[in-house]
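Hi everyone, thanks for coming. I'd like to walk you through a protein model today, so have a look at the screen.

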Amino acid sequence: MLYDAVTTNKTVQFLVNAIEEKGCVLPDSFMVCRPCPDEQISGGFAVQTQQSSTQYRPMIVLCENKNLGRKTFENTVVHELIHAYDKCRAKLDFSNCLHHACTEVRASALSGECAYLQELLRGHSGLRGGHQTCVKRRAKKSLSSNSNCQGDVPSKAVDTVFAQCYRDTAPFDRPV
């Protein structure tokens with residue numbers, strides 16, 4: 001499924017190109033499939049710092065032990081690629097809860113995971129403000145997995161950055 005997403009999904013290909021155009025080199029092992037112990041996640045973005053270097057090695061881990069449909073899997077790849085793009089362009093510090101909140105808002109808003117049909121399948125049916133409600137809920141949930149962002153911090157961080165980060169659609173926006 002990963003091979004199909006990388007070779008046929010235009011959004012995945014666009015994001016990989018956008019990351020490379022920003023000057024970030026994606027290693028051969030950039031996207032990997034592995035078993036994930038947490039039942040609540042379908043993938044993640046990790047930045048491994050080499051002990052002897054200040055360079056980072058980004059990695060997208062996709063959970064191979066999840067029974068995801070193609071669309072959900074592809075949305076997960078796009079979500080994680082948005083984190084990689086943000087890390088490349090803004091030098092994010094994931095220990096900073098505001099940085100992490102912003103990239104979670106963007107990834108939830110831009111990946112397709114908060115599309116109306118996806119929300120219906122999760123049992124959420126609000127039409128009015130549904131996309132923003134989904135983005136906030138999913139960003140707060142993702143942020144709560146960060147050990148630096150516990151208690152009421154995820155909610156406050158997402159609320160603080162939401163308006164600005166929700167409007168930021170790079171790299172999908174086009175110059176006029």
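I'll go from the overall layout to the disulfides, then the pocket, and end on an odd peptide bond.

One thing up front: this is a predicted model. The protein has 176 residues, and 41% of them are buried. Its secondary structure comes to seven helices and three strands. If you read along the sequence, you get two helices, then three strands, then five helices, in the pattern α-α-β-β-β-α-α-α-α-α. Of the contacts with a separation of 6 or more, 66% are between residues 24 or more positions apart.

Now the disulfides. How many does the structure hold? Five. Let me show you three, including the one between Cys-24 and Cys-88, with an S to S distance of 2.0 Å. Cys-24 sits in the loop between helix H2 and strand S1, while Cys-88 is in helix H3, so this link ties together parts that are 64 residues apart in sequence. The torsion about its S-S bond is about 100°, so it's right-handed.

Next up are Cys-36 and Cys-63, with their sulfurs 2.0 Å apart. Cys-36 is in the loop between S1 and S2, and Cys-63 is in strand S3, 27 residues apart. Here the torsion is about -90°, so the disulfide is left-handed.

Then there's Cys-102 with Cys-165. Cys-102 lies in helix H4 and Cys-165 in helix H7, so the pair ties together parts 63 residues apart in sequence. That link is left-handed too, with -110° about the S-S bond.

So why is Cys-33 not bonded to Cys-63? The closest cysteine sulfur to Cys-33 is the one in Cys-63, and at 8.9 Å that's too far for a bond. Cys-33 is partly exposed, at 35% relative accessibility.

On to the largest pocket, with about 1,000 Å³ of space. It's lined by 34 residues, and those closest to its centre are Ile-41, Ser-42, Gly-43, Glu-80 and Ser-142. Which element gives the most to that lining? Helix H3, with seven residues. By type, the lining divides into eight nonpolar, 15 polar and eleven charged residues.

Last, the odd bond. Most peptide bonds are trans. Ala-170 and Pro-171, though, are joined by a cis peptide bond, with omega about 5°. You'll find Pro-171 in the segment after helix H7.

That's my tour, so over to you for questions.

Terms used: Residues are numbered from 1 along each chain as its sequence is written. This is a predicted model: local features need pLDDT of at least 70, side-chain atom pairs count only at pLDDT 80 or more; totals for chains, interfaces and linings use all residues. Side-chain values use heavy atoms; hydrogens and water are left out. On a 1 Å grid over the protein atoms alone, a cavity is a set of points where a 1.4 Å probe fits but cannot get out, and a pocket is an open set with protein on both sides within 12 Å along at least five of seven lines; lining residues have an atom within 4 Å of a point. Grid points are joined across faces, edges and corners, and a volume is the space filled by probe spheres set on the points. Helices (H or I, at least four residues) and strands (E, at least two) are DSSP runs, numbered from the N terminus. Ala, Val, Leu, Ile, Met, Phe, Trp, Tyr, Cys and Pro count as nonpolar, Asp, Glu, Lys and Arg as charged, and the others, Gly among them, as polar. Buried means under 20% relative accessible area, exposed over 50%, partly exposed in between (1.4 Å probe, protein chains only). Contact means heavy atoms within 4.5 Å. A disulfide is a pair of cysteine sulfur atoms within 2.5 Å.
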